[in-house]
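Visitor: I would like a close look at one part of this protein, the interior, and at what is packed there. Could you take me through it step by step, beginning with the nonpolar residues and then turning to whatever else lies inside?

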Amino acid sequence: MKTLIVVDMQNDFIDGPLGTKEARKIVPNVKAKIEEYSNRGDEIIFTRDTHHENYLDTPEGKKLPVEHCILGTRGCQIADGLETDDMICIDKSTFGWINWDVTKETYGLEMSEIEIIGLCTDICVVSNALILKASFPDAEITVDAGCCAGVTPETHRAALETMKMCQIDITGLEEA
């Protein structure tokens, strides 16, 4: 069984205050990838960047003073058409989720073959990929570049190179 991790495919990163044309462009690819995993009965985990009303007073908010993914808002929600009935959703308050081992045990997940897709390649995707690699060094970890977008195309490519250097397989480069 494979595990798909869909990182922060939320409205605020697609068409909200931090949205980009590159993020909007990957939505059909992401939807197709989710359907592929769902049809096979594989594990699907969504992460959601989740902040509160005091976001601008947090260390992250002081460095990125753009309110986004505020809990309870449309911007915090997974984009329409991407959610599945059998998905697991993790609300994280920072770039990377540091409790993947607990998540694996809590939900009885296999997590030996992991594919990561989502937003933003150069912040949350790379953070989660590196945490997963450290947490599960024997797992096969892949990032589908055609289902990811960065803050800019340049930083997207730089993050892909960083992950490649850390022995994370990169696929979908022809689409990236």
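Guide: In this predicted model, the largest nonpolar core has 27 residues, and within it Ile116, Val143 and Met163 touch the most other members. Several elements contribute to this core, for β1, β3, β4, α5 (121-135), β5 (140-149) and α6 (153-165) each supply at least two of its residues. The largest share, five residues, comes from α5. Such grouping has a general background: in soluble globular proteins, nonpolar side chains tend to be buried together.

Met163 allows a closer view of these surroundings, since, leaving aside residues up to four places away in sequence, Met163 touches Thr121, Val125, Val126, Ala129, Val143, Ile168 and Ile170. Val143, in this list of contacts, is also one of the three residues named above as touching the most other core members. Apart from the largest core lies another, of 24 residues, and among them are Phe13, Ile14, Tyr37 and Cys120.

One of the strands that supply the largest core, β1, spans residues 3-7, and five of its five residues are buried. Both of its faces are covered, with Thr3, Ile5 and Val7 buried on one side and Leu4 and Val6 buried on the other. Its strand partners can be followed in the same careful way: five bridges join β1 to β2 (residues 43-49), and these two strands run parallel, with Val6 standing opposite Phe46 in β2. Five bridges also join β1 to β4 (residues 113-119), again in parallel, and here Leu4 stands opposite Glu115 in β4.

The interior also holds a lysine, Lys92, which lies in strand β3 (residues 88-92). Lys92 counts as buried because its relative accessible area is 2%, whereas the cut-off for that term is under 20%. What does the side chain of Lys92 make a polar contact with? The partner is the side chain of Asp8, at 2.9 Å, and the side chain of Lys92 also reaches the backbone oxygen of Thr94 at 3.1 Å. Beyond these polar contacts, and not counting residues up to four places away in sequence, Lys92 touches Asp8, Thr47, Arg48, Asp49, Thr50, Trp97, Cys124 and Asn128. Of these neighbours, Asp8 is thus the one already met as a side-chain polar partner of Lys92.

Conventions:
Residues are numbered from 1 along each chain as its sequence is written. This is a predicted model: local features need pLDDT of at least 70, side-chain atom pairs count only at pLDDT 80 or more; totals for chains, interfaces and linings use all residues. Side-chain values use heavy atoms; hydrogens and water are left out. Buried means under 20% relative accessible area, exposed over 50%, partly exposed in between (1.4 Å probe, protein chains only). Helices (H or I, at least four residues) and strands (E, at least two) are DSSP runs, numbered from the N terminus. Two strands pair if DSSP finds at least two bridges between them. A polar contact is a pair of N or O atoms within 3.5 Å; within protein, one must be able to donate a hydrogen and the other to accept it, and residues adjacent in sequence count only if both atoms are side-chain atoms. Contact means heavy atoms within 4.5 Å. A nonpolar core is a set of buried Ala, Val, Leu, Ile, Met, Phe, Trp, Tyr and Cys residues joined through side-chain atoms within 4.5 Å.
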